[in-house]
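The exercises below are to be worked with the coordinates open. Each task is followed by a solution in steps.

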Amino acid sequence: MRHRGGEFWAWADRLLDSWAHDEMLSDGTQIDVQVRLSRKAETQLFIGVYTKEGRLQFEEFYPALGSMTMEDALVLGVDRARALATGTNVTDRILQAH
């Protein structure tokens, strides 16, 4: 079970459908990336990284990604989650995109 932080609860809205990507890395780290359209048709992104025991390592929520499509946001979110989980230094393309 994942122990969610404040960013997840800011994201949570059961009335909105989302696409999700869940992945467990080789060391057991769990990543959770979700993307959806807001009520105003803006692409929103949630990224979560958790230990193999489900403890929070990192969460972030992007409430509006401009004209970015859900598909592009999901790809960028997965890349960012993997980078955060592995300590890889990558340019934050999400922030640059909006």
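**Exercise 1. Burial of an aromatic residue**

Decide whether phenylalanine 46 counts as buried or exposed in this predicted model.

Solution. Step 1: the relative accessibility of phenylalanine 46 is 0%. Step 2: buried means under 20% relative accessible area. Step 3: phenylalanine 46 therefore counts as buried. Step 4: apply the criterion to phenylalanine 8, which at 12% relative accessibility also counts as buried.

**Exercise 2. The aromatic pair**

Search the whole structure for aromatic pairs, and classify what is found.

Solution. Step 1: the search of the whole structure gives one aromatic pair. Step 2: its members are phenylalanine 8 and phenylalanine 46, with ring centres 5.4 Å apart and planes at 75°. Step 3: centres must lie within 6.5 Å for a pair, and planes over 60 degrees apart count as edge-to-face. The pair of phenylalanine 8 and phenylalanine 46 is therefore edge-to-face. Step 4: place the two residues in the chain. Phenylalanine 8 belongs to helix α1 (residues 6-11) and phenylalanine 46 to strand β3 (residues 43-50), so the pair ties together parts that are 38 residues apart in sequence.

**Exercise 3. Surroundings of phenylalanine 8**

Which residues does phenylalanine 8 touch, not counting residues up to four places away in sequence?

Solution. Step 1: with those residues left out, phenylalanine 8 touches Gln34, Phe46 and Glu59. Step 2: look at the face of the ring, where arginine 4 lies at 4.0 Å from the ring centre. Step 3: compare sequence and space for glutamate 60. The C-alpha atoms of phenylalanine 8 and glutamate 60 are 7.6 Å apart, while the two residues are 52 apart in sequence.

**Exercise 4. The sheet**

Work out the strand order of the sheet, and find which strands stand at the edges.

Solution. Step 1: list the elements. The chain has three helices and four strands, and from the N terminus on they run α-β-β-β-β-α-α. Step 2: go through the pairings.

- β1 and β2 run antiparallel and are joined by seven bridges; glutamate 23 has isoleucine 31 in β2 as its bridge partner, and alanine 20 stands opposite glutamine 34 in β2.
- β2 and β3 run antiparallel and are joined by eight bridges; valine 35 stands opposite leucine 45 in β3.
- β3 and β4 pair in the antiparallel sense over six bridges; isoleucine 47 stands opposite glutamate 60 in β4.

Step 3: the result is an open sheet of four strands in the order β1-β2-β3-β4, with antiparallel pairing. Step 4: β1 (18-24) and β4 (56-62) each have a single partner strand and stand at the edges, so one side of each is left without a neighbour in the sheet. Step 5: the average twist from one strand to the next is 10°.

**Exercise 5. Hairpins and the packed helix**

Find the residues with positive phi in the two hairpins, then describe how helix α2 packs on the sheet.

Solution. Step 1: the hairpin of β1 and β2 has five residues between the strands, and glycine 28 takes a positive phi near 95° there. Step 2: the hairpin of β2 and β3 also has five residues between its strands, and alanine 41 in the turn has a positive phi of about 65°. Step 3: helix α2 (residues 70-86) packs on the sheet and touches β1, β2 (30-37), β3 and β4. The direction of helix α2 makes about 160° with that of β2. Step 4: check the cover of β2, where seven of eight residues are buried.

**Exercise 6. Threonine 43**

With which residues is threonine 43 in contact, leaving aside its neighbours within four places in sequence?

Solution. Step 1: threonine 43 lies in strand β3 and is buried, with a relative accessible area of 4%. Step 2: the contacts of threonine 43 include Val35, Arg36 and Leu37. Tyr62, Pro63, Ala64 and Leu65 are also among them, and Met68, Thr69, Met70 and Ala73 are in contact as well. Step 3: test for a polar atom pair. A polar atom of the threonine 43 side chain lies 2.6 Å from the backbone oxygen of methionine 68.

**Exercise 7. The chain as a whole**

What percentage of the chain is made up of buried residues?

Solution. Step 1: buried residues make up 44% of the 98 residues. Step 2: among contacts with a separation of 6 or more, 48% are between residues 24 or more positions apart.

Key
Residues numbered from 1 in each chain as written. Predicted model: local features only at pLDDT ≥ 70, side-chain atom pairs only at ≥ 80, totals over all residues. Heavy atoms only, no water. Phe/Tyr/Trp six-rings, centres within 6.5 Å; stacked < 30°, edge-to-face > 60°. Buried < 20%, exposed > 50% of the residue type's maximum accessible area, 1.4 Å probe, protein only. Lys NZ or Arg CZ within 6 Å of the ring centre and 35° of its normal. Pairing = 2+ DSSP bridges. Axes fitted to C-alpha atoms, helices over the stretch in contact; angles between N-to-C directions. Contact = heavy atoms within 4.5 Å. Polar contact = N/O pair within 3.5 Å; in protein donor to acceptor, adjacent residues only side chain to side chain.
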